[in-house]
Amino acid sequence: MPLHHNISASTIRGLWNYWAIAFGAIALVMLCSLFISKTFLPIILFALAYALMTKIKSDNTCKKMRACYLMVWAMAIILFWSGLVMLIINISMSQWFFGGVFAIEPFNPRHPYICSLIIFPIALIVSLWFLAKGHKMKICRHCQARFGYYDPAGTVANLYYRESRYQLRLLLWLSLVLSIVDWAYYYFFYINVNFNKPDKFYFIIMPIAVYLLSLVYMSVRYMAMSEDMTDNKSPHNIKPMMTMLRFLVFSGDRMLLAEATDNSFDTPAKMLIPRREKFSDEEARKSFADMSGIDDFELKYLYTDTGYINGANVIHFAVFLPDDTDQQLSVGGEWQTIDIIDRELKAGKLAPLFVSELNRIYHVTMAWKTYDRKGRRLYPIKNYQPTFRLRDFKKWDVDYGDLHWLDIATNNQDRPFFRLRRFWRKNFNH
């Protein structure tokens, strides 16, 4: 796939940086295992996991993405579970834990575990899980909510998604090979007395060498991408940075939809303008009146997708016409009920950005109507679901640009372990 102008060298460099940080954490653990007691090594893994989560949280305060965080997030989970397994092994082999009943042959209390035998199988499982989940991962939903999903930024968004999955597949295969090699060596050749030179080579030096080789391989890969970007940066390919204005048009319990060129359904009221960070209600009213040919409507600002790196941004508005109007707009389109829209959604016939808009409106609204800002129920009825009607949309006084309501939608009092999950997200999550 050719790379377009809105993929900068910093975009490519960010992909390499996050691979180096993520896989480098494993190499650092391997190195630390040479000098740090196995008793304290789990603390190192927990600290690294926390550092990676803090890195994501810190980068997420920026208005623009530096790269896809999926690989870093996966590594944080790998380190956390690996540290937990190591901690459990340490506890089970302690004298105060049932008299060290697990400290028997072939276990050696001085070498209760070998890092590579734990980390790489867990890395294999986690990478498989992430690849299977795809866009359904929470961190992907968060980025989609924060930055949006739309055609002008599609090149960068697709590059991030493609390369994050490529890195996960590479991690999967490296973890599989290293797991097989290290466990085969452990089963056939390892003697659990001390670490000799072959042991150090297979369990420590080889993983670090694989990490260094992966850095070289990724460097070559992303340098080629960067050169491809430069070669394709001809004048006819370069377009000015743009802003897309999107108007969701409502009349009572109906929405105005039109069929796009790719046979998907989307709002017909949209336009591209030169890059703008803000667009006032007065300007939006004039723009919609000019494109639709009508003046009798109410307008409501929804939210703005800030965009990926140098891509366009998108400003979303809602337009409310008189209930049950039969007025035709010059932009075209047909009025559809919520039942028809839901049917088309399940059939996968709605445009990706339109789906993102609907999901955001629905989840923010339902969270706002059901819970307070701390996720506690507003009504003393468990699993209570308030009504959602399009005709009430213009009355809802909620900020659709506030991502906190999206977090409340997924972590609230009706979810299991609500307080524990809230504590985790507050202190560790991105």
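Strands β5 (residues 298-305) and β6 pair in the antiparallel sense, over 7 bridges. Pairing here requires that DSSP finds at least two bridges between two strands. Helices (H or I, at least four residues) and strands (E, at least two) are DSSP runs, numbered from the N terminus. This is a predicted model: local features need pLDDT of at least 70, side-chain atom pairs count only at pLDDT 80 or more, and totals for chains, interfaces and linings use all residues. Residues are numbered from 1 along each chain as its sequence is written, and side-chain values use heavy atoms, with hydrogens and water left out.

**Strand β6**

On the β5 side, L299 has V319 of β6 as its bridge partner. Strand β1 (residues 242-251) also joins β6, through 9 bridges, and these two run parallel. There, L248 stands opposite A318.

How many residues of β6 are buried? The count is 9 of the 9 in residues 313-321, so the strand is largely enclosed by the rest of the structure. Buried means under 20% relative accessible area, exposed means over 50%, and partly exposed lies in between (1.4 Å probe, protein chains only). Both faces of β6 are covered. One side carries N313, I315, F317, V319 and L321; the other carries V314, H316, A318 and F320.

**Cysteines and S116**

The whole structure holds 0 disulfides (a disulfide being a pair of cysteine sulfur atoms within 2.5 Å). Why is C32 not bonded to C115? The sulfur of C115 is the closest cysteine sulfur to that of C32, but at 9.0 Å it is too far for a bond. C115 is likewise in no disulfide.

S116 lies in helix α4 (residues 115-133). Leaving aside residues up to four places away in sequence, S116 touches M30, P121, D182 and F203. Contact means heavy atoms within 4.5 Å.

**Accessibility of four residues**

| Residue | Relative accessibility | Class |
|---|---|---|
| S116 | 1% | buried |
| C115 | 4% | buried |
| C32 | 15% | buried |
| F35 | 66% | exposed |

**A nonpolar surface patch**

F35 is found in the loop between α1 (9-32) and α2 (41-59). With L28, L31 and L34, F35 forms a nonpolar patch on the surface. Together the four have about 390 Å² of accessible area. Patches are made of residues with over 30% relative accessible area and no salt bridge; like charges are joined within 9 Å, and nonpolar side chains (Val, Leu, Ile, Met, Phe, Trp, Tyr) within 5 Å.

Key: Accessible areas come from the Shrake-Rupley method with a 1.4 Å probe; for residues, only the protein chains shown count as cover. A salt bridge is a side-chain nitrogen of Lys or Arg within 4 Å of a carboxyl oxygen of Asp or Glu.
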